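Reader: Could you walk me through this model, one question at a time?
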Amino acid sequence: MEKSARRRIGLIRQITTLALFSAISTVLMYLEFGIPIFPPFLRFDFSDLPALLAAFLFGPLQGIAVALVKNAIHMLVSWSGGVGELANFIVSASLAGVAGWVYSFRRTRGGALLGMAFGTLAMAVAGALANYFITLPFYVNVIQMSMDDIVAMCAQLIPAIKTKLDVVLLGITPFNLFKGIVVSALTFVLYKRIGRLVR
């Protein structure tokens, strides 16, 4: 009976924490800003941080759930018809899911670093695919921006960019690698402190 009660309390604590993380992640998604060294349509935010923390605290599926909830809420006020949120979910879920999955096998500091490294790489690959096949076609076909305009915009910062593939490989992928590293570093600093609060 006592064991069952502890299990229920643990489940309630987990659900409450995930709901709080999802709310924080949603708010952080709105606090976006540009970084001058990257193309102007790429906006940085810290909304992946709660998802990555959830993946480390509870497991990869819980981290993915936080990424899903934040994008589902954001979609209610989105102008992209869910396309931007789909791409963002793919990227966020890749970081949190892969990092949390690796960490679940080795719950040490080294395991956390390894998980975040693989998660960041997965985020970069997923971001490249999502932008090449989802986001950039959306801009071209729905927003009516020509690919030449997008390439020209990016080439002002990175002259080597000449094609759509260059935009993805030289503009978007470095941005996602940078974002993954920053979010991972913050997670590494905050994880133990947040973990103690949750427990």
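The questions and answers below go through salt bridges, core and surface patches.

Author: Gladly! This is a predicted model, where local features need pLDDT of at least 70, side-chain atom pairs count only at pLDDT 80 or more, and totals for chains, interfaces and linings use all residues. Residues are numbered from 1 along each chain as its sequence is written, and side-chain values use heavy atoms, with hydrogens and water left out.

Reader: How many salt bridges are there?
Author: A salt bridge here is a side-chain nitrogen of Lys or Arg within 4 Å of a carboxyl oxygen of Asp or Glu. By this rule, the count is three.

Reader: Which residue forms a salt bridge with Asp45, and where does each partner lie?
Author: The contact has an N to O distance of 3.7 Å between the side chains of Asp45 and Lys179. It links distant parts of the chain, 134 residues apart: Asp45 is in the loop between strand 2 (43–44) and helix 2, and its partner in helix 7 is Lys179. Helices (H or I, at least four residues) and strands (E, at least two) are DSSP runs, numbered from the N terminus. So the partner asked for, in helix 7, is Lys179.

Reader: Is Asp48 buried or exposed?
Author: Buried means under 20% relative accessible area, exposed over 50%, and partly exposed in between (1.4 Å probe, protein chains only). Asp48 has a relative accessible area of 2%, so Asp48 is buried.

Reader: Which residue of helix 3 does Asp48 pair with?
Author: The closest N and O atoms of this salt bridge are 3.0 Å apart. Asp48 lies in helix 2, so the pair ties together parts that are 22 residues apart in sequence, and the partner in helix 3 is Lys70.

Reader: Which residue of helix 7 does Asp48 pair with?
Author: In this salt bridge the closest N and O atoms are 3.4 Å apart. Because Asp48 lies in helix 2 and its partner in helix 7, the pair ties together parts that are 131 residues apart in sequence. The partner is buried, with a relative accessible area of 5%. Salt bridges that share partners join Asp45, Asp48 and Lys70 into one network with Lys179.

Reader: Which helix gives the most residues to the largest nonpolar core?
Author: A nonpolar core is a set of buried Ala, Val, Leu, Ile, Met, Phe, Trp, Tyr and Cys residues joined through side-chain atoms within 4.5 Å. The largest one has 23 residues, and Phe21, Leu52, Phe56, Val66 and Tyr191 touch the most other members. Eight residues come from the biggest contributor, helix 2.

Reader: Why does Phe56 count as buried?
Author: Phe56 is found in helix 2. Phe56 counts as buried because its relative accessibility is 1%.

Reader: Where does Leu76 of the nonpolar surface patch lie?
Author: Patches are made of residues with over 30% relative accessible area and no salt bridge; like charges are joined within 9 Å, and nonpolar side chains (Val, Leu, Ile, Met, Phe, Trp, Tyr) within 5 Å. Val27, Tyr30, Leu31, Val69, Ile73, Leu76 and Val77 make a nonpolar one of about 670 Å², with areas from the Shrake-Rupley method and a 1.4 Å probe, only the protein chains shown counting as cover for residues. Leu76 counts as exposed, at 71% relative accessibility. Leu76 lies in the loop between helix 3 and helix 4.

Reader: Which helix supplies the largest share of the positive patch?
Author: Arg107, Arg109, Lys192, Arg193 and Arg196 form this positive surface patch. Lys and Arg count as positive and Asp and Glu as negative, with His and the chain ends not counted; a charge is placed at NZ of Lys, CZ of Arg, CG of Asp or CD of Glu. Lys192 is exposed, with a relative accessible area of 53%. The largest share, three residues, comes from helix 7.
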